[in-house]
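Me: I've got this model open and I'd like a close look at one part of it. Could you walk me through the last strand of the second chain and what sits around it?

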Amino acid sequence: MGFENFGTVSFTAEAKTADFINYLEAGKVMATRCKKCGGSYFPPRMDCPSCLSSEVEWFEVKGKGKLTSYTKVNYGPTGFETDAPYTLALGEFSGVQILARLSRDIGEKDIKVGMSLMVSPLKLPGSRIAYEFKKD
Amino acid sequence: MGEVAIVGVGQTAFSRQCGVSIRELCFEAFGEAMGGLGITTKDIDASIVCSAPEYDKQRSPAGLISEYLGLTPRPTFYVETVCSSSTTGLRVAWSLIKAGLHKVVAVVGFQKMSELSSRDAAERMGRGGDIIWESPFGLTMPAGYALYAQAHMAKYGTTEEHMAKVRVKNSHYGAANPKANYRKELSLEEILNSEVITSPLKKFDCCANADGASCIIVAAADVAKRACKIPIWIAGLGAATDTMSMAGRELLTGLRCAQEAAKQAYKMAGIKPQDIDVAEVHDCFTISEILAYEDLGFAKPGEGAALLEDKQTYVDGKIPVNVDGGLLSKGHPIGATGGSQIRTIVRQLRGEATEAQVRGAEIGLAHNIGGIGQYGNVTILRR
């Protein structure tokens, strides 16, 4: 399977990084690392531009991250109309930054830049899948 | 090698729905740019057509627009860096002339956003990011800038009121600009009380989608001097990028692409930020103008909002910014916007900006950003 069921609306399916979805189904959010230079990538990529090498390995994004910024989107584009409001956020984890939504379990008043976060897979209706930030 | 000048500038009025076709929009901007020049359409060696794709159905619009402007069989091609497309076109025109390949190049920018519903336009803009990894979360253009706003607020204590003051200023000047779509002066309260689109950005913190076209006629020095009374010289050009993905951004309190482009442009022009007499900056959102003050060196990082507190960016201030109303008042027909900014600077340097003239302006700057800070162009012009 590729990215056809990723997120609320997906726009393309095929990519060399499609294993990401298999890991996600198995409960893991993964990033990639170049075996040659050790550079780590999120969004994951199978090609390292520093080494022009495609020898990369997957590693799990685990542990605590930090909220870098967020915004509560009240106006959703086509395909996201019924989804809004939702809160988009950037989280900093060991060596990688990730864009995802904040879990709806986090109250608006509790959101603060710098707060501690975890990233975890999220099953969506219609066999779709994504990941989200949860409160640590 | 000789210098390169802008000899003519034009734009349509920007509107929510223009009611004409893209070729007709471009013709109107071209007509204003060519008006009164000592050269004719026959002297134009090439054209560069600039817009963001997927708003209208026309594939390969360059050929269509070139034909309608009467430029066939001379070469034409399409240039795209979304919202900064037409200053990218200007950069390419400069290099074509500098290389000696052409003497006169027309840079035509356009967008007819009213072909799409507001939600569909938001979806297209959402796809102006990383479509595998980020668009599926519902990322939008305002949301991307809102992430910058929130980070700036958290680090520097910038407030929603600071941002609203950008709109107060720009709505003041927009009211006097006959080419602007939004011509009502707004009070601080009206802005602060408008509905939240994507926190902390409210309706009046955001520019509006629009239809419009712009045109810049660029020429080699020898032609420029006979083509018009006051050629405006291209003194500095800077261009840079940042990651397509938001996850790749190393800085959220300023636009890296703008900082880098500014550095290049100042170096090429041999000037410093304090030498700029008048500036046009890409205020697609109110926070964008505050970031621009800092990225361009008009204020230190975190101190951009202070310029508004004592009206330093008003027409009589230390560094007047967006005294044509900016994108916030004019509207933002993506591919036309950079050309409109250049038009304003050219009119300022020629002393023709009757609505809000900066007295004695000799050096001007245009800061034009594509996407959520993916592309940055800074252009410095001098009289």
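What follows starts at that strand and works outwards.

Reply: Sure. Keep in mind that this is a predicted model.

The strand you're after is β11 of chain B, residues 375–382. β11(B) is mostly covered, with eight of its eight residues buried. If you look along the strand, B:Tyr375, B:Asn377, B:Thr379 and B:Leu381 point one way, while B:Gly376, B:Val378, B:Ile380 and B:Arg382 point the other way. Both sets are buried, the arginine B:Arg382 included.

Now for the strands it pairs with. One partner is β10(B), residues 363–370, which runs antiparallel to β11(B) and is joined to it by eight bridges. To find the register, put B:Gly364 opposite B:Leu381. These two strands, β10(B) and β11(B), make a hairpin with four residues between them. In that turn, B:Gly371 has a positive phi of about 65 degrees.

Another partner is β8(B), residues 232–241, and here too there are eight bridges and an antiparallel arrangement. Two pairs help you line it up: B:Leu237 stands opposite B:Thr379, and B:Thr241 stands opposite B:Tyr375. As for cover, β8(B) has seven of its ten residues buried, so count that strand as mostly covered too.

From β8(B) you can step on to β1(B). That pairing is antiparallel as well, over two bridges, with B:Ile6 opposite B:Ile232.

Next, a helix residue that belongs in this picture. B:Leu349 lies in α13(B), which covers residues 334–349. Is B:Leu349 buried or exposed? It has 23 other C-beta atoms within 10 Å, and that is why B:Leu349 counts as buried. Leaving aside neighbours within four places in sequence, B:Leu349 is in contact with B:Ile232, B:Ala361, B:Glu362, B:Gly364, B:Leu381 and B:Arg383. You've met several of those names already: B:Gly364 and B:Leu381 are the facing pair from the hairpin strands, and B:Ile232 is the residue opposite B:Ile6. As for B:Arg383, its C-alpha is 5.8 Å from that of B:Leu349, although the two are 34 residues apart in sequence.

B:Ile6 also takes you into the nonpolar core. The largest core has 160 residues, and the ones that touch the most other members are B:Ile6, B:Val107, B:Val108, B:Ile217 and B:Val218. Helix α5(B), residues 141–156, supplies the largest share of this core, eight residues. At least three residues come from each of the two domains of chain B, domain 1 and domain 2. For a feel of one of these spots, take B:Ile217: outside its neighbours within four places in sequence, its contacts are B:Ile6, B:Val7, B:Gly8, B:Ala33, B:Met34, B:Leu37, B:Val104 and B:Ala106.

Where does your strand fall in the domain layout? The assignment gives domain 1 as 4–115 + 210–232 and domain 2 as 118–207 + 235–382, and β11(B) spans residues 375–382. The centres of the two domains, taken over C-alpha atoms, are 23 Å apart. Their contact takes 38 residues from domain 1 and 36 residues from domain 2. On the domain 1 side, the elements that give two or more residues are β1 (4–11), α3 (85–98), β4 (104–112) and β7 (211–220) of chain B. Of that side, α3(B) contributes the largest share, seven residues. By class, the domain 1 side divides into 20 nonpolar, 14 polar and four charged residues.

Stepping back to the chain as a whole, chain B has 13 helices and eleven strands. Across its 383 residues, 62% count as buried. Of the contacts between residues at least 6 apart in sequence, 78% join residues at least 24 apart. The C-alpha trace spans about 55 × 45 × 35 Å along its principal axes. A compact globule with 383 residues would have a radius of gyration near 21 Å, and the 19 Å of chain B agrees with that.

Finally, chain B has company: 31 of its residues are in contact with 35 residues of chain A. On the chain A side, β4 (65–73), β5 (86–93) and β6 (96–102) are the elements that give two or more residues, and β4(A) gives the most, with six. That side has 19 nonpolar, twelve polar and four charged residues.

Key:
Residues numbered from 1 in each chain as written. Chains lettered and ligands numbered in written order. Predicted model: local features only at pLDDT ≥ 70, side-chain atom pairs only at ≥ 80, totals over all residues. Contact = placed C-beta atoms within 7 Å. Nonpolar A, V, L, I, M, F, W, Y, C, P; charged D, E, K, R; others polar. Buried ≥ 20, exposed ≤ 12 C-beta atoms within 10 Å, placed from the backbone. Pairing = 2+ DSSP bridges. Core = buried A, V, L, I, M, F, W, Y, C linked by C-beta atoms within 7 Å. Domains from an automatic or database assignment. Rg over C-alpha atoms; globule rule 2.2 N^0.38 Å.
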